[in-house]
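Visitor: Good afternoon. I have a structure open and would like to go through it with you, one topic at a time.

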Amino acid sequence: DFVIVFVTQEYCDKVDGEWTAGGKTFDNCQREFSYAILKKGARWILPVLMDKGLANPSAWGSRLSMDLGDLLYFSLADVADTALDSKAPALKERLERVRASPAALVRPLGILKLLPTVI
């Protein structure tokens, strides 16, 4: 089983503990992400990009970038909200490929220095 992380700038800020509401930093995103890493490990987490400005994992904030930055991601950043349903089959197919071979989620080391590969 997988954990799907829908990556937005707000989510990145929350996981890094930089999100505040009424002057207090409080949100469950940070706790839930830590729990997913603890229980599943990064190999079983599929990042799904929702914001255009996050195509480079270094923009994800320190925690997400550190834990998930070497994984291939699935991008929905260029998809209009009204068209998200049309991408569901491609996301399902990606999950099936990774389930068959979890190593398919990890970017080869030689590619790490290049722009992230979008799947």
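Visitor: How many salt bridges does a search of the whole structure find?

Guide: This is a predicted model, and a search of the whole of it finds four salt bridges.

Visitor: What does Lys-14 form a salt bridge with?

Guide: The partner of Lys-14 is Glu-10, and the closest N and O atoms of the two are 3.3 Å apart. Both residues belong to helix H1, where they are four residues apart and separated by about one helical turn.

Visitor: Is Lys-14 buried or exposed? And what about Glu-10?

Guide: Lys-14 is buried, because its relative accessible area is 15% and the cut-off for buried is under 20%. Glu-10 is partly exposed, at 42%.

Visitor: Which residue forms a salt bridge with Glu-96?

Guide: Lys-92 does, with the closest N and O atoms 3.9 Å apart. The two residues lie in helix H4, which covers residues 84-100, and they are four residues apart, about one turn of the helix. Glu-96 counts as partly exposed at 42% relative accessibility, whereas Lys-92 counts as exposed at 52%.

Visitor: And Glu-93, what does that one form a salt bridge with?

Guide: Glu-93 is joined to Arg-97, and here the closest N and O atoms are 2.9 Å apart. This pair also lies in helix H4, with four residues and about one turn of the helix between the partners. Glu-93 is partly exposed, with a relative accessible area of 38%, and Arg-97 is partly exposed as well, at 40%.

Visitor: Why do residues four places apart point the same way in a helix?

Guide: An α-helix has 3.6 residues a turn, so residues three or four places apart point the same way.

Visitor: Staying with H4, how many residues does it have, and how far does it reach?

Guide: H4 has 17 residues and reaches 25 Å from its first C-alpha to its last, which is close to the 24 Å expected at 1.5 Å a residue.

Visitor: Which residues of H4 are buried, and what covers them?

Guide: The buried residues are Leu-91, Arg-94, Leu-95 and Val-98. Their cover includes S1, S2 and strand S3, the last of these being residues 74-75.

Visitor: Let us change helix. What can you say about the span of H2?

Guide: Helix H2 runs over residues 28-39, twelve residues in total, and reaches 16 Å from its first C-alpha to its last, close to the 16 Å expected.

Visitor: Which residues of H2 are buried?

Guide: They are Cys-29, Phe-33, Ala-36 and Ile-37. Seen down the axis of H2, these buried residues fall within an arc of 95°, so they line one face of the helix.

Visitor: What do they pack against, and what is on the face turned away?

Guide: The buried residues of H2 pack against strand S1 (3-7), helix H1 (9-15), strand S2 (45-49) and helix H3 (62-68). The face turned away from the buried side carries the exposed residues Arg-31, Leu-38 and Lys-39.

Visitor: What comes just after H2?

Guide: Just after H2 there is Gly-41, which takes a positive phi of about 85°.

Visitor: New topic: how many aromatic pairs does the structure hold?

Guide: The structure holds two aromatic pairs. One of them is formed by Phe-2 and Trp-44; the pair is tilted, with 5.4 Å centre to centre and 50° between the planes. Phe-2 lies in the segment before S1 and Trp-44 in the loop between H2 and S2, so the pair ties together parts that are 42 residues apart in sequence. Phe-2 counts as buried at 17% relative accessibility, while Trp-44 is partly exposed at 26%.

Visitor: How are the rings of Trp-60 and Tyr-73 arranged?

Guide: Their centres are 6.1 Å apart and their planes are at 65°, so that pair is edge-to-face. Trp-60 lies in the loop between S2 and H3, and Tyr-73 in the loop between H3 and S3, so parts 13 residues apart in sequence are tied together. Both residues are buried.

Visitor: Last topic, the sheet. In what order do the strands come, and is the pairing parallel or antiparallel?

Guide: Three strands form an open sheet in the order S1-S2-S3, and the pairing is parallel. S1 and S3 are the edge strands, each pairing on one side only.

Visitor: Over how many bridges do S2 and S3 pair, and what stands opposite Leu-49?

Guide: S2 and S3 pair over two bridges, in the parallel sense. Opposite Leu-49 stands Ser-75 in S3.

Conventions. Residues are numbered from 1 along each chain as its sequence is written. This is a predicted model: local features need pLDDT of at least 70, side-chain atom pairs count only at pLDDT 80 or more; totals for chains, interfaces and linings use all residues. Side-chain values use heavy atoms; hydrogens and water are left out. The expected span of a helix is 1.5 Å times one less than its number of residues. Buried means under 20% relative accessible area, exposed over 50%, partly exposed in between (1.4 Å probe, protein chains only). The arc is that of the directions from the helix axis to the C-beta atoms. Contact means heavy atoms within 4.5 Å. A salt bridge is a side-chain nitrogen of Lys or Arg within 4 Å of a carboxyl oxygen of Asp or Glu. Rings of Phe, Tyr and Trp (its six-membered ring) pair if their centres lie within 6.5 Å; planes under 30 degrees apart count as stacked, over 60 as edge-to-face and the rest as tilted. Two strands pair if DSSP finds at least two bridges between them.
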